Amino acid sequence: MDYDLKIYNNKTSNFKCLRTNHFINIYLVFDGVITILKNNDFQHYHAGDIFYVHDYECINDINFEGTLLCLSINNYYYYKISNKYSQNENNLMNKDKPDLKTHYNDVILSILNQSMKSDIERKLLFLIEATYLNTIDTTPRSKSERNFKNILIRDVILYINNNCERKLICQDIAHHFFVNNSFLSREFSTLMCCTLSNYIIDSKIHFSACALLNGAILDFVWRQYHFRSLKDYIYNFQAIKGVSPYEFNNKQLVIRGIQNNIAKKK
């Protein structure tokens, strides 16, 4: 799976943004406190709390004192899980939500203990599922999402990620949401800090990388995600992932520093 684990400390980290484009970030407040303005709502978290941030969310005014663990997971897996449940979402509204903290701790311990890759990936999928199920009764109706522009960008991101295997054109997306193309491009760039066209290309690369990790054949993948040619796909893949698709493999996490930091806190 395509994921990463990092640790942030307000005294040593240049920490300015909780979002990571194309990834869902799930945070554990290891110690201290953090206050954020998320989608126009102030949210406060203390040691032991877990919270998550999608790349389309509007995050401002981070007041952070302490240490955070950040588990970043490629959107590919989140949307795969969400699509699995989308048709039965109404039936899940009244069900008990899984314990997010338990699943998060299971993943972190497995990573730090260098468990088998298959065990880590299985627990990651459970965590993604728990994260999704914990958003069902809050995300669509949250009072914090009344801002039209934020809702629009969120819906565009959802649309892109749910249709990543299709040929996506900026003008067609604007038409789909009944907005002016220039307006959408401007607002998208403001919130996401990248152009809409670049987000589309990057999403296709990140999604296709997961397909490669799952054993898909390269010649099939670049066609599946509608790149102009194999050469074009390799160029974009290398620019975004830092290696060619021939060399790409699941990144090996550098966890020694995280282990040392956690040991010092005990």
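**Exercise 1. Overall make-up**

Count the helices and strands in the protein chain, then state what share of its residues is buried.

*Solution.* Start with secondary structure. The protein chain has 11 helices and 5 strands. The model is a predicted one. Next, take burial. The chain has 266 residues, and 49% of them count as buried. Last, take the contacts with a separation of 6 or more. Residues 24 or more positions apart account for 73% of these contacts.

**Exercise 2. An aromatic pair between two helices**

Classify the aromatic pair formed by Y76 and F207, and say which parts of the chain the pair ties together.

*Solution.* A pair of aromatic rings is described by the distance of the centres and the angle of the planes. The search of the whole structure finds 12 aromatic pairs. In the pair of Y76 and F207, the centres are 5.5 Å apart and the planes make 85°. An angle over 60 degrees counts as edge-to-face, so Y76 and F207 are edge-to-face. Now place the residues. Y76 lies in helix α1, residues 75-86, and F207 lies in helix α8, residues 196-213, so the pair ties together parts 131 residues apart in sequence. Finally, check burial. Both Y76 and F207 are buried.

**Exercise 3. A second pair and its cluster**

Give the geometry of the F227 and Y233 pair, and name the aromatic cluster that holds these residues.

*Solution.* The ring centres of F227 and Y233 lie 5.0 Å apart. Their planes are at 70°, and the pair is edge-to-face. Both F227 and Y233 are buried. Then widen the view. F227 and Y233 form one aromatic cluster with F237 and F248.

**Exercise 4. Packing of α1 and α4**

Describe how helices α1 and α4 cross, and list the residues that meet.

*Solution.* Begin with the axes. Those of α1 and α4 (residues 117-133) come within 9 Å and cross at roughly 55°. That angle falls outside the parallel, antiparallel and perpendicular ranges, so the helices are oblique to each other. The crossing is right-handed. Now list the contacts. From α1 come Y77, Y78, I81, S82, K84, Y85 and S86. They meet L125, I128, E129, T131, Y132 and L133 of α4. Sort the contact by class. It has 8 nonpolar, 3 polar and 2 charged residues.

**Exercise 5. Positive phi in two loops**

Locate H22 and F178. For each, state phi and decide whether the residue is buried or exposed.

*Solution.* Most residues other than glycine have a negative phi. Take H22 to begin. H22 has a positive phi of about 80° and is not a glycine. The residue sits in the loop between β1 (3-9) and β2 (23-38). Its relative accessible area is 4%; under 20% means buried, so H22 is buried.

Turn to F178. Its phi is positive too, near 60°, and F178 is a residue other than glycine. F178 is placed in the loop between α6 (170-176) and α7 (181-192). Relative accessibility is 76%; over 50% means exposed, so F178 counts as exposed.

**Exercise 6. A serine in a loop**

Where does S244 lie, is it buried or exposed, and which residues does S244 touch, not counting those up to four places away in sequence?

*Solution.* S244 is in the loop between α10 (230-241) and α11 (256-265). At 10% relative accessibility, S244 counts as buried. Leave out residues up to four places away in sequence, and S244 touches F237 and Q238. F237 also belongs to the aromatic cluster with F227, Y233 and F248.

Definitions and conventions:
Residues numbered from 1 in each chain as written. Predicted model: local features only at pLDDT ≥ 70, side-chain atom pairs only at ≥ 80, totals over all residues. Heavy atoms only, no water. Phe/Tyr/Trp six-rings, centres within 6.5 Å; stacked < 30°, edge-to-face > 60°. Helix = DSSP H or I, 4+ residues; strand = E, 2+ residues; numbered from the N terminus. Buried < 20%, exposed > 50% of the residue type's maximum accessible area, 1.4 Å probe, protein only. Axes fitted to C-alpha atoms, helices over the stretch in contact; angles between N-to-C directions. Parallel < 35°, antiparallel > 145°, perpendicular 65-115°, else oblique. Left-handed = near helix turned anticlockwise from the far one by under 90°. Contact = heavy atoms within 4.5 Å. Nonpolar A, V, L, I, M, F, W, Y, C, P; charged D, E, K, R; others polar.
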